[in-house]
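Work through the following exercises with the sequence and the structure in view. Each task is followed by a solution in steps.

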Amino acid sequence: MTTTPVQIPAPAAAPRARSRSLAWHVGAVALLLVLLYPVLWVFTASVKPADEIISSFDLLPSKVSWSGFGTALDGIAEVPAWRFFTNSLILSLGSVVGNVLSCSIAAYAFARLRFRGRGPMFAIMIGTILLPTHLLLIPQYTMFQKAGLVDTYVPLLLGKFLATDAFFVFLMVQFVRNLPRSLDEAALIDGCGHFRIFGHIVLPLLRPALITTAIFTFIWSWNDFFAPLIYLQSPEKYPLPLALRLFVDSTSSQDYGAMLGMSVLSLLPVIAFFVAFQRLLIEGAATSGLKG
Amino acid sequence: MASTTTTDAAIPRARRGDAPSAEPAKRRGRAGDRSAYVFLTPWMIGAALLTIAPMLFSLYMSFTDYNLFDAPRWIGLDNYRRLLFDDPEVRDTVGVTLLYVVVATPLKLAAALGVALLLNTRRKGRNFYRAAFYMPSLIGASVGAAIVWRLLFSTGSVVDGFLGAFGVHTGGWISDPDWSLMSLVALSVWQFGAPMVIFLAALQQIPRDLYEAAEIDGAGPWRRFVSVTVPMLSPVIFFNLVLEMVHAFQMFNSAFVLSNGTGGPAGSTHVYSMYLYELGFNDFRMGYAAALTWVLLLVVGVITAVLFKTSGRWVHYAGEEK
């Protein structure tokens with residue numbers, strides 16, 4: 001970048017463009033630093049000695065102390081921290097499997113098949129995207145409570161296997177509609193049924209949409225707080241966000257070190273996922289208005 | 001001249017995704033029907049069991065006095081009457097929620113649009129910046145982020161110290177009833193990345209020759225922004241506005257974690273959905289809570305409808321005769 005070839009025409013414009021480009025980069029980086037300050041801060045603060053966490057706004061700790069992580073890993077309410085991790089993983093991976101399976105088959109039917117009731121059903125599907133989740137909370141809780149399923153993972157996972165995250169159904173419908181039909185028509189002529197067309201032709205082509213769905217589902221379910229808060233009661237079933245709140249509640253002594261250690265541990269997988277899949281994530285977010 | 005041809009050419013491309021184009025399926029007739037229903041079975045069960053039935057149940061509950069343990073008792077419109085006229089907490093929480101929606105939504109959209117404009121270039125590194133600016137959207141709603149926020153905005157902490165350096169002494173936003181809601185607004189604005197990527201995608205769709213034509217006509221940067229960018233972007237502005245508003249109305253996590261579940265200090269972060277949560281899951285006043293959710297749906301629905309109605313005046317769709 002620094003060794004720009006000299007034989008650029010209009011030599012007067014080049015330095016100007018370069019300095020404008022430099023200003024642009026400086027501006028963007030400055031803005032980015034402000035924006036990502038909290039993220040940088042939580043990482044460095046988690047290894048600060050306890051008395052420095054709140055008072056000092058230096059990013060770098062005066063000396064590195066891992067005691068916060070130590071306390072965090074000990075867990076809380078007699079539940080070790082790895083348990084919260086496992087719970088979060090079970091819930092997140094379960095949600096991913098459920099959403100990918102149930103949403104893709106529903107999307108195939110909506111995008112490729114014509115059947116009676118298609119219009120109204122599609123309208124219902126779109127309608128459920130817009131429906132505020134709060135509306136369903138009270139009656140769903142009542143139903144699960146009557147079924148004796150409170151304090152189990154069923155209320156948290158059942159919907160994922162029944163394609164209730166209509167967002168992803170819609171995302172995949174849009175994707176399938178843009179796939180060339182010639183392939184599945186050829187397969188149809190060859191005598192393939194819809195199940196084989198779906199499994200052998202559409203599903204492999206749908207991969208980018210499936211990955212987008214999987215990542216967003218994982219992150220949302222990893223971060224989910226409200227549903228576990230109302231459905232889970234025993235601490236040994238808690239996922240990380242609930243465990244984190246236990247830390248906040250019970251640390252009347254304000255053990256910021258443990259709190260931050262736990263926060264970092266809960267944020268880390270999301271950030272790792274983001275770094276690994278950022279292109280797919282952002283393309284998914286840009287095309288379908290997915291919320292972070 | 002040139003501009004009209006490009007916009008026209010863009011329409012079929014944009015519409016291609018919506019075309020159902022299922023003509024060949026018609027020939028398959030009934031057999032197609034059957035496999036479609038097989039494919040849709042999970043979705044149909046989910047829609048019936050987890051969406052439609054709960055909605056009907058909730059509507060019924062809202063006319064009853066129901067505590068989860070005794071049989072629901074029909075009380076007609078009492079719940080609605082009480083929440084509209086006799087419940088000061090509804091009034092207070094609606095006030096806090098509206099203030100939050102009205103402040104956070106435009107600020108977030110403005111930040112999103114501003115950064116999208118900044119990143120709408122062909123310079124190197126734009127994809128990196130786009131990703132980095134988007135990142136807070138993924139973690140912003142988490143408990144971890146709320147805890148960080150609490151520490152950053154509490155008394156004597158980082159933000160306090162930083163503002164103090166400029167002579168602004170707020171004494172910590174979290175514990176000050178006048179400022180606590182603003183820390184939630186800041187947390188929401190921090191997550192501007194989600195609408196930003198949508199703006200950015202739309203900005204990249206604006207035909208370049210529109211700007212060239214405007215420039216030839218002598219339009220400066222501001223004029224080009226107002227007369228080209230804003231109208232071309234208006235459908236996306238509208239989309240983001242509705243989406244962000246609906247989300248802001250339902251905000252719960254950050255208020256709950258930042259105030260430690262109290263909605264404090266002095267009720268200043270006691271948003272509507274927190275009240276809903278307390279009614280339903282602390283007091284088990286299911287009927288009353290259900291009525292509250294229907295009122296929320298109604299209010300959000302009416303505001304969305306009004307936005308849609310008035311959108312004809314300012315939202316410009318490409319290819320539309322004006």
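The C-beta contacts of B:Asp65, leaving aside residues up to four places away in sequence, are B:Pro72, B:Arg73, B:Ile75 and B:Gly287. The model is a predicted one.

**Exercise 1.** Describe the surroundings of B:Asp65, and decide whether B:Asp65 is buried, partly exposed or exposed.

*Solution.* Step 1: locate the residue. B:Asp65 belongs to strand 1 (residues 64-65) of chain B. Step 2: count the neighbours. There are 17 other C-beta atoms within 10 Å of B:Asp65. Step 3: apply the cut-offs. A residue is buried with 20 or more such atoms and exposed with 12 or fewer; B:Asp65 is therefore partly exposed. Step 4: look along the chain. B:Met286 is 221 residues away from B:Asp65 along the chain, yet their C-alpha atoms are separated by 7.5 Å.

**Exercise 2.** Which secondary structure elements make up chain A, and how many are there?

*Solution.* Step 1: count the elements. Chain A has 13 helices and zero strands. Step 2: consider burial. Of the 292 residues in chain A, 43% are buried. Step 3: consider the contacts. Among those in chain A that join residues at least 6 apart in sequence, 72% are between residues at least 24 apart.

**Exercise 3.** Compare the expected span of helix 10 of chain A with the distance between its end C-alpha atoms.

*Solution.* Step 1: identify the helix. Helix 10 of chain A covers residues 207-223, which is 17 residues. Step 2: compute the expected span. The rise of 1.5 Å is multiplied by one less than the number of residues, so a span of 24 Å is expected for helix 10 of chain A. Step 3: compare. The end C-alpha atoms of this helix are 24 Å apart, which agrees with the expectation. Step 4: examine burial. Helix 10 of chain A is mostly covered, with 14 of its 17 residues buried.

**Exercise 4.** How are helix 3 and helix 6 of chain A oriented relative to each other: roughly parallel or roughly antiparallel?

*Solution.* Step 1: choose the quantities. Two packed helices are described by the angle and the distance between their axes. Step 2: read the values. The axes of helix 3 (residues 81-112) and helix 6 (residues 154-161) of chain A come within 7 Å and cross at roughly 25°. Step 3: classify. Angles under 35 degrees count as roughly parallel, so helix 3 of chain A is roughly parallel to helix 6 of chain A. Step 4: name the contact residues. Helix 3 of chain A contributes residues including A:Leu91, A:Gly94 and A:Ser95, while helix 6 of chain A contributes residues including A:Leu156, A:Leu157 and A:Phe161. The residues of this contact are four nonpolar, five polar and one charged.

**Exercise 5.** What is noteworthy about the phi angles of B:Leu68 and B:Asn260?

*Solution.* Step 1: recall the general rule. Most residues other than glycine have a negative phi. Step 2: read the angles. Phi is near 85° for B:Leu68 and about 60° for B:Asn260; the value is positive in B:Leu68 and likewise positive in B:Asn260. Step 3: locate the residues. B:Leu68 is in the loop between strand 1 and strand 2 (73-74) of chain B, and B:Asn260 is in the loop between helix 13 (253-258) and helix 14 (272-282) of chain B. Step 4: assess exposure. B:Leu68 has 16 other C-beta atoms within 10 Å and is partly exposed; B:Asn260, with 13 C-beta neighbours inside 10 Å, is partly exposed.

Note on methods
Residues numbered from 1 in each chain as written. Chains lettered and ligands numbered in written order. Predicted model: local features only at pLDDT ≥ 70, side-chain atom pairs only at ≥ 80, totals over all residues. Helix = DSSP H or I, 4+ residues; strand = E, 2+ residues; numbered from the N terminus. Contact = placed C-beta atoms within 7 Å. Axes fitted to C-alpha atoms, helices over the stretch in contact; angles between N-to-C directions. Parallel < 35°, antiparallel > 145°, perpendicular 65-115°, else oblique. Nonpolar A, V, L, I, M, F, W, Y, C, P; charged D, E, K, R; others polar.
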